[in-house]
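Me: I would like to learn how to read helix packing and charged pairs in a model. Can we work through one case?

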Amino acid sequence: MPLDTTVGGPRSNSYLTVEEADEYHATRLHNSGWASADAADKEKALIWATRMLDNGVRFVGRRYGLYQEQALQWPRNSATDREGFYIEYNVIPRQVKEATAELAWLLLARDRTAAESGDSTQAIRSVAVGPIRLGFSEDREKVRETREEPIPATVVDLLQGLGTLVGKTPLRVVRT
């Protein structure tokens with residue numbers, strides 16, 4: 001699938017081009033993995049990162065696309081940035097582009113959506129075979145804390161003010 005960055009397009013699949021992502025990563029430390037990746041892998045990572053953000057973040061405002069033909073969550077109507085300024089209805093905010101580039105780089109490093117080995121067994125405390133018994137850890141919250149989130153804190157920080165992680169607390173910051 002070729003990269004399509006058409007703003008509001010019905011087949012759009014990325015919030016930024018490889019060139020825009022290269023520009024972002026040229027200013028970032030410790031990401032030689034991005035520079036050494038080939039263009040095809042960069043495109044895949046950008047498409048995957050865009051999809052993860054679209055599925056994992058409930059953005060402010062509402063989709064702009066007429067008759068729901070718009071493929072991605074951005075651009076949006078009635079959206080404001082972290083300082084309360086309106087975001088133009090026909091643009092992808094810089095924060096969204098940077099978050100996509102950051103997540104794409106992390107996805108190139110490894111599959112953040114794959115279950116960690118042992119995830120399903122970390123809560124098991126004991127097992128017995130004869131009259132089958134299975135004991136689970138009492139501290140299930142601790143087990144959850146050890147699991148890595150698919151959308152990491154560095155990406156969430158870049159999106160401050162633009163939405164809420166699905167199933168999490170709001171990212172919206174209100175100035176007092």
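**Reading the helices and their contacts**

Reply: The protein has six helices and six strands. The model is predicted. From the N terminus on, the order of elements is α-α-α-β-β-β-α-β-β-α-α-β.

Me: What share of the residues of the protein count as buried?

Reply: Of the 176 residues, 37% count as buried. Among contacts between residues at least 6 apart in sequence, 57% join residues at least 24 apart.

Me: How do helix 1 and helix 4 cross?

Reply: Start with the angle between the axes. Helix 1 (residues 18–26) and helix 4 (residues 94–109) have axes that come within 10 Å and cross at roughly 80°. Angles of 65 to 115 degrees count as roughly perpendicular, so helix 1 is roughly perpendicular to helix 4.

Me: Which residues make that contact?

Reply: Helix 1 contributes Glu20, Ala21, Tyr24 and His25, while helix 4 contributes Lys97, Glu98, Ala101, Glu102 and Trp105. By class, the residues of this contact are four nonpolar, one polar and four charged.

Me: At what angle do helix 1 and helix 3 cross?

Reply: Their axes come within 10 Å and cross at roughly 90°. Helix 1 and helix 3 are therefore roughly perpendicular to each other. On the helix 1 side, Val18, Ala21 and Asp22 take part; they meet Ala39, Lys42, Glu43 and Leu46 of helix 3. The contact of helix 1 with helix 3 divides into four nonpolar, no polar and three charged residues.

Me: Why can side chains of opposite charge pair?

Reply: Such side chains can pair when their charged atoms come close. The cut-off used here is a Lys or Arg side-chain nitrogen within 4 Å of an Asp or Glu carboxyl oxygen. By this rule there are five salt bridges. One of them joins the side chains of Lys42 and Asp22, at 2.9 Å from N to O. Lys42 lies in helix 3 (residues 39–56) and Asp22 in helix 1, so this pair ties together parts that are 20 residues apart in sequence.

Me: Are Lys42 and Asp22 buried or exposed?

Reply: Lys42 is buried, with a relative accessible area of 8%. Asp22 is partly exposed, at 29%.

Me: What does a salt bridge within helix 3 look like, taking Asp41 and Lys44?

Reply: Look at the spacing in sequence and then at the distance. Asp41 and Lys44 are three residues apart in helix 3, which means that about one helical turn separates them. Their closest N and O atoms are 4.0 Å apart. Asp41 is partly exposed, with a relative accessible area of 33%, and Lys44 is exposed, with 55%.

Me: How far apart in helix 4 are Glu98 and Arg94?

Reply: Glu98 and Arg94 are four residues apart, about one turn of the helix. Their side chains meet in a salt bridge of 3.2 Å, N to O. Arg94 counts as exposed, at 56% relative accessibility.

Me: How do I check the length of helix 4?

Reply: Compare the expected span with the distance between the ends. At 1.5 Å a residue, the 16 residues of helix 4 should span 22 Å; the end C-alpha atoms are 23 Å apart, which agrees.

Me: Which elements do the buried residues of helix 4 pack against?

Reply: They pack against helix 1, helix 2 (32–36), helix 3, strand 1 (57–59) and helix 6 (153–158). The buried residues of helix 4 include Val96, Leu103, Trp105 and Leu107. Also among them are Ala101 and Glu102, both of which take part in the contact with helix 1.

Notes:
Residues are numbered from 1 along each chain as its sequence is written. This is a predicted model: local features need pLDDT of at least 70, side-chain atom pairs count only at pLDDT 80 or more; totals for chains, interfaces and linings use all residues. Side-chain values use heavy atoms; hydrogens and water are left out. Axes are lines fitted to C-alpha atoms, for helices over the stretch in contact, and angles run from 0 to 180 degrees between N-to-C directions. Helices (H or I, at least four residues) and strands (E, at least two) are DSSP runs, numbered from the N terminus. Angles under 35 degrees count as roughly parallel, over 145 as roughly antiparallel, 65 to 115 as roughly perpendicular and the rest as oblique. Contact means heavy atoms within 4.5 Å. Ala, Val, Leu, Ile, Met, Phe, Trp, Tyr, Cys and Pro count as nonpolar, Asp, Glu, Lys and Arg as charged, and the others, Gly among them, as polar. Buried means under 20% relative accessible area, exposed over 50%, partly exposed in between (1.4 Å probe, protein chains only). The expected span of a helix is 1.5 Å times one less than its number of residues.
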